[in-house]
Amino acid sequence: MTDQTEKRAPVQGYPGGIPWAIHLEAYAVYCQRWGAQPAMIDLEGRNCRGGFSTGELDDFIPGWRDRVSEFGLLKAEVLALRAELSALKSAPIRVLTEHSGCGQGAQVDQLSVTLHPGDKVVLQMGKYSAALAAKA
């Protein structure tokens with residue numbers, strides 16, 4: 001979600017405006033086409049003409065509406081989380097377990113196993129009864 005305290009620029013025909021960073025992206029395109037116009041970025045002095053129009057933003061930054069809409073931001077976040085989850089699902093997992101015997105000077109046994117997605121693990125209770133099966 002967007003931070004409500006971020007600096008925003010007005011947009012003609014779009015209530016609430018846009019984040020300042022996107023306004024500066026549009027201004028960079030504007031400057032390449034028509035040259036610098038400091039009034040376009042002077043919001044504090046209010047010498048601004050009222051920001052870009054939605055048509056100008058459509059021309060300068062295609063897709064800007066998806067980047068600033070709540071739905072677009074949530075969609076981008078969901079896609080990023082899905083990609084992260086997919087990467088985690090396909091990553092191997094390293095498992096380390098330790099068991100120490102009873103009594104003074106007892107031996108400490110360690111087992112380290114790397115599991116890959118699709119590996120089948122079979123554990124049974126009892127002495128020496130753990131098994132790791134290959135992928136089915």
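These legends accompany close-up views of a predicted model.

**Figure 1. Overall fold of the predicted protein.** The protein contains four helices and eight strands. Read from the N terminus, the order of elements is β-β-β-α-β-α-α-α-β-β-β-β. Of its 136 residues, 21% count as buried. The accessible surface comes to about 10000 Å², and carbon and sulfur atoms hold 57% of that area. Contacts between residues at least 6 apart in sequence were also examined: 37% of them join residues at least 24 apart.

**Figure 2. Helix 1 and the elements it packs against.** Helix 1 covers residues 20–34. At 1.5 Å a residue, its 15 residues should span 21 Å. The C-alpha atoms at its ends are 20 Å apart, which agrees. Buried positions in helix 1 are Trp20, Ile22, His23, Ala26, Tyr27, Val29 and Tyr30. The buried residues of helix 1 pack against three strands: strand 1 (8–9), strand 3 (18–19) and strand 4 (52–53). They also pack against helix 2 and helix 3. Just after helix 1 comes glycine 35, with a positive phi of about 90 degrees.

**Figure 3. The largest nonpolar core.** This core holds 16 residues. Ile18, Phe52, Leu57 and Phe60 touch the most other members. Three elements each give two or more residues to the core: helix 1 (20–34), helix 2 (54–60) and helix 3 (64–68). Helix 1 supplies the largest share, six residues. In soluble globular proteins, nonpolar side chains tend to be buried together.

**Figure 4. Contacts of isoleucine 18.** Neighbours within four places in sequence are left aside in this view. Isoleucine 18 then contacts Lys7, Arg8, Ala9 and Val11, among others. The remaining partners of isoleucine 18 are His23, Leu57, Trp64 and Val68. Leu57 joins Ile18 among the core residues that touch the most other members.

**Figure 5. Valine 11 in strand 2.** Strand 2 consists of residues 11–12, and valine 11 is part of it. The relative accessible area of valine 11 is 9%, under the 20% limit, so the residue is buried. Not counting residues up to four places away in sequence, valine 11 touches Gly17, Ile18, Gly50, Phe52, Ser53, Thr54 and Leu57. Valine 11 and glycine 51 are 40 residues apart along the chain, yet their C-alpha atoms are separated by 4.9 Å.

**Figure 6. Tryptophan 34 and phenylalanine 60.** The structure holds seven aromatic pairs. In one of them, the rings of tryptophan 34 and phenylalanine 60 have centres 6.0 Å apart. Their planes meet at 55 degrees, so the pair is tilted. Tryptophan 34 lies in helix 1 and phenylalanine 60 in helix 2, 26 residues apart, and the pair links distant parts of the chain. Tryptophan 34 counts as exposed, with 57% relative accessibility. Phenylalanine 60 counts as buried, at 8%.

**Figure 7. The aromatic cluster around phenylalanine 52 and phenylalanine 60.** Phenylalanine 52 and phenylalanine 60 form an edge-to-face pair. The distance is 5.6 Å centre to centre, with 85 degrees between the planes. Both phenylalanine 52 and phenylalanine 60 are buried. Tyr27, Tyr30 and Trp34 form one aromatic cluster together with Phe52 and Phe60. Tyr27 and Tyr30 are also among the buried residues of helix 1.

**Figure 8. Lysine 7 and tryptophan 20.** Lysine 7 lies over the face of tryptophan 20. The distance to the ring centre is 4.1 Å. Tryptophan 20 is one of the buried residues of helix 1. Lysine 7 also contacts isoleucine 18.

How values were computed: Residues are numbered from 1 along each chain as its sequence is written. This is a predicted model: local features need pLDDT of at least 70, side-chain atom pairs count only at pLDDT 80 or more; totals for chains, interfaces and linings use all residues. Side-chain values use heavy atoms; hydrogens and water are left out. Buried means under 20% relative accessible area, exposed over 50%, partly exposed in between (1.4 Å probe, protein chains only). Contact means heavy atoms within 4.5 Å. Accessible areas come from the Shrake-Rupley method with a 1.4 Å probe; for residues, only the protein chains shown count as cover. A nonpolar core is a set of buried Ala, Val, Leu, Ile, Met, Phe, Trp, Tyr and Cys residues joined through side-chain atoms within 4.5 Å. Rings of Phe, Tyr and Trp (its six-membered ring) pair if their centres lie within 6.5 Å; planes under 30 degrees apart count as stacked, over 60 as edge-to-face and the rest as tilted. A charge sits over a ring if NZ of Lys or CZ of Arg is within 6 Å of the ring centre and within 35 degrees of the ring normal. The expected span of a helix is 1.5 Å times one less than its number of residues.
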